[in-house]
Amino acid sequence: MLDFNIRLRPEPLPDACIALRREVRAFLKDELEAGSFEPMIDSWLRGFDRDFSRRLGSRGWVGMTLPGRYGGHDRSQIERFVVVEELLAAGAPVAAHWIGDRQVAHSILRFGSEEQKQKFLPRIARGDFVVGAGYSEPDVGSDLASVRTRAERIDGGWRLFGTKVWNSHGHHADIFVVLCRTSPRGEQRHAGLSVLIVEMPNPNVQVRPILLMTGEHHFNEVVFDGVEVPDEMVLGEVGQGWRVITSDLALERSGPERFLSTYRLLVEMQRRADETGAQSARRAVAELFARLWTLRSMSLAVAISMDRGHTPELEAAIVKEMGTRFEKDVGEVARQIFPAEPFLDSTDPFVRHLAVAVMHSPAYTLRGGANEILRGIIARGIGLR
Ligand SMILES: Cc1cc2nc3c(=O)[nH]c(=O)nc-3n(C[C@H](O)[C@H](O)[C@H](O)COP(=O)(O)OP(=O)(O)OC[C@H]3O[C@@H](n4cnc5c(N)ncnc54)[C@H](O)[C@@H]3O)c2cc1C
């Protein structure tokens, strides 16, 4: 008999969160009126705007859950959920602070030295610090323990050699957080890995663009060619890198970004369905909204569970697997009910969003752990493997 306990019970938002939501909505309304951004698809990946991130930081909406002594705001995961959900639903440009805010700040808080915490956390919380996650490599994505980037011991530190790929916003990065091998691979595949922090700019780091299908520059290949990293910039213990990068998977996988990447297209679909009055289109859109609401309740339940001190990795994997399939389906249903030639520069937001949603769709189920891998985790979590 299967024996598992999945914590995904829906719960209402506390009153404090409702007031916070109003505040964020008012801010976004002002920003939109001032023309500071155009609502966009996949804004947490494409919407790179350091000034916008700084404005969020000055309102206390970056590094929200970090302690006040490190520039944070001692807020809960649910409060962060509310802010993030509003920003993503509006299609606001949040990519500049995303990786630092969502996960790396927490790794530093948990595993970092006092010096690292004081040096990096306040800058992340100001929304003025770009973190590049240097994990994936050519031929190494899902099987991350096989990384070939290596660091050799030198006096007082490490010398780093290797190539990372699919690096989001590495061309803007203030630091790279690099998973590498610090001792040869033995029987224990996850042993001998470490995480090094590389401060930029650095003459021995080359950042080369890899363009998206849309022509946008988001990704990079990053080459570390003998970069010297002092001992003070090892994040966590030497040899404990696997633990460092996997400790915040629940944060990385369960948030509203795992089902809201195509939300602006859904809004445009609803507008079209209302305008045309076609029953079949309205039904299809309503079904998508029903799925969205379920996903949202699940994601919120994970945030609540984290606030209660749990580590809901299984639940987070479920949210991500289901949420990213939903994001893809939004584009597919859009094409079926309102056939249109996707055109990136269209003045019609539906056509424009459709083009981006379709061209970005291979990424939804890949980034942050491919769905096939997540299904393996879920199967193990419920005792099927
Ligand atoms: C938009 C985007 C942003 C990204 N940003 C970053 C970043 O900033 N930093 C970073 O380090 N990485 C980043 N990545 C890389 C991302 O983490 C990897 O793409 C992901 O881990 C998958 O690895 P891969 O691309 O090598 O695919 P592979 O691992 O080669 O997988 C290819 C296919 O094979 C399947 N597969 C692989 N292994 C198995 C298995 N054991 N069982 C069943 N199926 C399997 C996968 O599910 C997938 O469908 C980003 C990716 C995207 C799309």
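Start with helix 1, which gives the most to the lining of the second largest pocket, with five residues. The model on screen is predicted.

**The second largest pocket**

Select R25, E85, E86, A89 and Y263, which lie nearest the centre of this pocket among its 16 lining residues. Helix 1 (15-33), helix 4 and helix 10 are the elements that give two or more residues to the lining of the second largest pocket. The space in the second largest pocket is about 390 Å³. Colour the lining by class: ten residues are nonpolar and six are charged, with no polar residue in the lining of the second largest pocket. Colouring by domain is also useful here, since domain 1 (15-129) and domain 3 (249-381) each contribute at least three residues to the lining of this second largest pocket.

**The largest cavity**

Next, select Q77, R80, F81, L251, S254, G255, P256, E257, S299, A303 and M306, the lining of the largest cavity. About 90 Å³ of space lies in the largest cavity, and a search of the whole structure gives five cavities of 30 Å³ or more. Show helix 4 (77-89), helix 8 (249-254) and helix 10 (279-307); each supplies at least two residues of the lining of the largest cavity. The lining of the largest cavity comprises five nonpolar, four polar and two charged residues. Domain 1 (15-129) and domain 3 (249-381) each provide at least three residues of the lining of the largest cavity.

**The second largest cavity**

Now pick Q103, V104, S107, Y135, V244, I245, D248 and E252, which line the second largest cavity. Its volume is about 60 Å³ for this second largest cavity. Helix 5 (95-111) and helix 7 (241-246) each supply at least two residues of the lining of the second largest cavity. The largest share of the lining, three residues, is from helix 5. By class, the lining of the second largest cavity has four nonpolar, two polar and two charged residues.

**Strand 1 and its partner**

Move to strand 1, residues 131-134. In a regular strand, side chains alternate between the two faces of the sheet. Here both faces are covered: V131 and A133 are buried on one side, and G132 and G134 are buried on the other. Add strand 4 (residues 175-181), which pairs with strand 1 in the parallel sense over four bridges. To find the register, select G134 and V178 in strand 4, which stand opposite each other.

**Cysteines**

Select C17 and C180. C17 is buried, at a relative accessible area of 2%. C180 is also buried, with 0% relative accessibility; both values count as buried because the cut-off is under 20%. Do not look for a disulfide, as the structure holds zero disulfides.

**Backbone stops in the loops**

Go to the loop between strand 5 (193-199) and strand 6 (205-211), where P201 is placed. The peptide bond from M200 to P201 is cis, with omega near 0°.

Then select D74, in the loop between helix 3 (50-58) and helix 4. D74 is a residue other than glycine, yet its phi is positive, near 50°. With a relative accessible area of 58%, D74 is exposed.

End at D139, in the loop between strand 1 and strand 2 (150-154). D139 is not a glycine, but has a positive phi of about 70°. D139 is exposed, with a relative accessible area of 76%.

Conventions: Residues numbered from 1 in each chain as written. Predicted model: local features only at pLDDT ≥ 70, side-chain atom pairs only at ≥ 80, totals over all residues. Heavy atoms only, no water. Disulfide = S-S within 2.5 Å. Buried < 20%, exposed > 50% of the residue type's maximum accessible area, 1.4 Å probe, protein only. 1 Å grid on protein atoms, 1.4 Å probe; cavity = no way out; pocket = protein on both sides within 12 Å on 5 of 7 lines; lining within 4 Å. Points joined across faces, edges and corners; volume = space filled by probe spheres on them. Nonpolar A, V, L, I, M, F, W, Y, C, P; charged D, E, K, R; others polar. Domains from an automatic or database assignment. Pairing = 2+ DSSP bridges.
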